[in-house]
Number of protein chains: 2
Amino acid sequence: MSRKEFRRLVSLEDARKALEPFYRRSAESVPLGECYGRTLAEDVYSRVDVPGFDRASMDGYAVKAADTWGADEESPRTLKLIGAIHAGDRPTLAVEAGTAAEIATGAVMPAGANAVVMVENTDSDGSYVNVRKPVTPGENVMHTGADVMMGELVLRKDTRLTSREVSVLAAVGLDYVNVYRMPIVAIMSTGNELTPPGTRLEPGQIYDVNAYAVGAGVRESGGIPLYLGIVRDTPEEFRKAVLDATKKADIILTSGSTSAGSSDMMFSTVGSVGRILVHGIKIKPGKPTIIGEVEGKPFIGLPGYPSSALTIFNEVVAPMVRHMSGRRDKAIREASARMALRVTLEGGREVLLPVGLLRAPEGLYAYPVEKGSGAVSALLDADGYVEIGEEARVIEEGEPVKVRLFSDEIAFPDLLIIGSHCLGIDAIVRMMADRGYTVRSINVGSMGGLRAIRKGIADVAGIHLLDESGTYNEPFVRDIPGAVLVKGYIREQGLIVARGNPLNIKGIADLPGRRFINRTKGSGTRTLLDLELKKLADERHTTLKALAESIPGYDVEAKTHSAVASAILTGKADVGLGIKTVADQNGLGFIPLRDEEYDFVINKNSLDKPAVRALLDVLSSSEFKLSIGRLGYRV
Amino acid sequence: MSRKEFRRLVSLEDARKALEPFYRRSAESVPLGECYGRTLAEDVYSRVDVPGFDRASMDGYAVKAADTWGADEESPRTLKLIGAIHAGDRPTLAVEAGTAAEIATGAVMPAGANAVVMVENTDSDGSYVNVRKPVTPGENVMHTGADVMMGELVLRKDTRLTSREVSVLAAVGLDYVNVYRMPIVAIMSTGNELTPPGTRLEPGQIYDVNAYAVGAGVRESGGIPLYLGIVRDTPEEFRKAVLDATKKADIILTSGSTSAGSSDMMFSTVGSVGRILVHGIKIKPGKPTIIGEVEGKPFIGLPGYPSSALTIFNEVVAPMVRHMSGRRDKAIREASARMALRVTLEGGREVLLPVGLLRAPEGLYAYPVEKGSGAVSALLDADGYVEIGEEARVIEEGEPVKVRLFSDEIAFPDLLIIGSHCLGIDAIVRMMADRGYTVRSINVGSMGGLRAIRKGIADVAGIHLLDESGTYNEPFVRDIPGAVLVKGYIREQGLIVARGNPLNIKGIADLPGRRFINRTKGSGTRTLLDLELKKLADERHTTLKALAESIPGYDVEAKTHSAVASAILTGKADVGLGIKTVADQNGLGFIPLRDEEYDFVINKNSLDKPAVRALLDVLSSSEFKLSIGRLGYRV
């Protein structure tokens, strides 16, 4: 693996500018019925008058207005009927003084007539009509060209076509419309670890996310994605794929390789068949971006992590796609918020920090939602991002920030749960949804949940915290003013071992000498392990430290129950501590140790919220008991 | 033509409710690459952990963290290299104390290792690596399931899929996604006067607007329009078409017939093959709406005027289409404004009054934009509508109103021109667009333009007003504080006659006895005619009234220059008064009478606006002179 530092990093702004020479538009003619959502590539002038003739705008009688003057209920004016005109007829009648012609809405006004008496203000025997209300000249008549005049500019170039514009195009008789062509964007992924969604993952493989993430981004910006699949990470194959793509598409995007080696391969290959314009952007995420030109087409090598690829796509590539398809620049919407947590930064480059927005009594709070490099799920919790300058090293808790929003609207949930993640929360979210409430659940661990309750941000925190006396949760909530502890459910904690427990592990006492997989410090599970080990150490008249040293892997920390199961499944470890549900889901053996209490802390100020009342209702429902029962929990 | 009053008119709310039994959804499975913009029809749980293994999140060296403790720039820790792991590899290595494995971002962590040292903090000779910075357990490692846990609820039913959601679906390996099926909406038009856009209009015909207007509305709401064309206005053909549509579509829409007779035919035909649910809605526009059920499918007969059809579609049908395709209810956005003009109403039914919004110093003004029954072009000037209760008879100028907006954003123009319409304004709009300014031009006549200047609403008014002394414009502007008159251009007014002037008309003196077509009172052209006629009457020692009576058609008022040309083209009149441009465009004869001055009144408060300065620049440009020269005007 050769390695290279990125040189001459450019700013986000300069990266965008490097693509400006490729901002080219072309037009195409599409049938009227298919032009919805497209953008006009030319001014549209009407070649006809609308309406094309003086037109009755009511059902009634075409008359000379003066013939009706003085008419009223008592003394109608009687006119002789000379015929009837239907919509679509070409009338040959001429209305003279004292006569009238029956006329339908939309029909051509006959010669001589200058007004229409509504049928409601007449009665007729078929030969004569009695007019009971006078009309003025022009009444109930739409004149030639009154709607649109021949030669009139009806729609301007660069107008986006909604139902209203389509109506006008139809009215002036266009069956084909010149709109900007939607650029075709070739999308390929590189990386030998990638496999397409829908296939079975082999060990070490991950699904190709970027092709689909960026493909959806292309659609969002008005382009047409052309999926070219996964390209093997070799110069020959990559070169062939890029050259092939230039023949089929207007823009070439690649992504997927997260390692510097692969990025170097791309750099030299693109350089050999074309021209490199940008190698590296001074921004996090998205540093390893390549911009180049191959066969006159723009080439953009996006970073490998999906969230980075999507961010760089949105910031750098989407403006070009939008321009080409004739979309207006997206208005950037901002919200003012305070940072909910202290954030530290490396400095030296700009950062686009994804945040979720939460509503607190004194305004909005921005919560960083990064779960670690490349976490895709973080995308779902983010409402936008904070742009942080390269000089900043820290943003203090409570510091005001501007959040650039992903959508026009911030969808605040009806209920906000912050705390430790549990599969039971998913069941709650589902049952709340059935009752019509939206829930956002942010996983920051039990202690983070308690902090959010203290600050008045969260409605509810899900916690499972064990104190050194062996008591769950209550001791941690006791001192928080305005917090109410509501009992949740019991999860069974124990040792997770291989299927059939081949090493015949019976309890904590059997851990020394076994390859162990531990959990992170501060997690309820880790606290439980250390309490149990301490008991064992006391029994054996030794120290916890000495005992821990006798357990290989005590210092390997898994962040989730699943990671523990995975380590045992793949044979990396013999035993770990976790909940029964996860052992069961993975077909692993389980030796129960003790019940763990997963409870809910409710913010007193939220107790009046309908969503909180619905939550209490859910927690006490038999449906919920059934649901968590299926997860292996109990009340 | 049989005629029938609408009975049992229902409210808009009840009309919507009548369709609720048809709010049915079904799901379909679509490839991941095509699911963008669709709505999930089921909860999505992850069947895998993401990542599926403990994963290096940096290029570097996989180590036991404890082996790096104490390392710094001065005293690196040296570890023996035991191999390299690339992304996609399935490592068989095991890292023991004192050893390290080279590892690429995204690669599987080897057994025994619990952290990655970034390559930047090392140097290596290929056999050994010097670590210059310590790492903690878990550093630069993303643990199994840390992003998404197996069994976790990742996306909820009814979620609209944007690029962020698509990323997550790809990450959990879905290649097909269950989304709500987009309902197929059959669209047919009835009315013997209709012809499809793209064909030549025969006299009395108009283009079928509704099919395309409503078709675009269907797209907007998440459905698929199925265009079934124009159906002849007879019970047999209509019956056949409706029954055929029930086999192909989920919803059947018809529209196009504006006359009561046609509506009766629809009513009885739908009644004979199905069931009528609603006959008439107590609202303007949209009274003649029919809702029924045929073969279990909802049938909606929309009103004939495009603006009415679109309004009823949006209010009554779109919520059903949105529901079926899984879109959320559209949030109704409102703006507070004051009515710019006094509006009088008939009362007795609710009115949805389309208005354009204008920004004035003291807030927003709502301008009614209706140009007469069924004007399509009014749609373009409307930003939304005011809902007016059935009791209201008048809304006073300045009265506060709530405007329901069509779009999320009100696109205020850079420049607002209110006044008399002229083709020269179109040239100005185009040239302003080239300079990057948006212009909205509202046509309310010269006097309306002056009122808007007085109120401070318009930036500019376009006027051509002749006073009785024969002076244009200046006398009308003189007394308006804060108004600046800027000379525009000269249009040639004269008599428009048939091509070749077969009746040899030479001037005003030849009008008596000729079939004349007049213009509306208060228009500059009409004022000019009456001034000239008055002169002639004086010469002939008679009165204007007596002279007018000798001109057949003096009381037939055309609203536009085009309508005058049309009347002469079609032989309805021999002569009319109008501008040379329109005579030329229609290949008609023209006898010049006098020059008319079309000028611009500028609001002093707008003089600092860049758009107004650009307008002044446009007006003095040679490009503008050329442009209006092509229209037959001059400076």
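The following exchange concerns a predicted model with chains A and B.

Me: How are names and values in this model to be read?
Reply: Residues are numbered from 1 along each chain as its sequence is written, and chains are lettered from A in the order in which they are written. In this predicted model local features need pLDDT of at least 70, side-chain atom pairs count only at pLDDT 80 or more, and totals for chains, interfaces and linings use all residues, while side-chain values use heavy atoms, with hydrogens and water left out.

Me: What makes the relation of chain A and chain B that of a two-fold axis?
Reply: Copies are superposed by least squares on the C-alpha atoms of residues with pLDDT of at least 70 in both, and chain A can be laid on chain B with an RMSD of 0.1 Å by a turn of 180 degrees and a shift of 0.0 Å along the axis. That is therefore the relation of a two-fold axis. With contact meaning heavy atoms within 4.5 Å, 100% of the contact residues of chain A recur in chain B, so that the same surface serves both copies.

Me: What is the buried area between chain A and chain B, and how many salt bridges does the rule find there?
Reply: Buried area is the accessible area (1.4 Å probe) that two parts lose on being put together, summed over both; for chain A and chain B this is about 10,300 Å², 58% of it on carbon and sulfur atoms. A salt bridge needs a side-chain nitrogen of Lys or Arg within 4 Å of a carboxyl oxygen of Asp or Glu, and the rule finds 0 across this interface.

Me: Why are the buried residues of helix α16 of chain B said to lie on the same side?
Reply: Helices are DSSP runs (H or I, at least four residues), numbered from the N terminus, and buried means under 20% relative accessible area, exposed over 50% (1.4 Å probe, protein chains only). In α16(B), residues 622-630, the buried residues are B:Phe624, B:Ser627 and B:Ile628. They cover an arc of only 90 degrees around the axis, which puts them on the same side, the arc being that of the directions from the helix axis to the C-beta atoms. The face turned away from that buried side carries the exposed residues B:Ser622, B:Leu626 and B:Arg630.

Me: What makes helix α3 of chain A mostly covered?
Reply: Of the 11 residues of α3(A), residues 210-220, 9 are buried, among them A:Tyr212 and A:Val218. The buried residues pack against elements of chain A, including α6 (306-325), together with α2 (163-171) of chain B.

Methods: Helix = DSSP H or I, 4+ residues; strand = E, 2+ residues; numbered from the N terminus.
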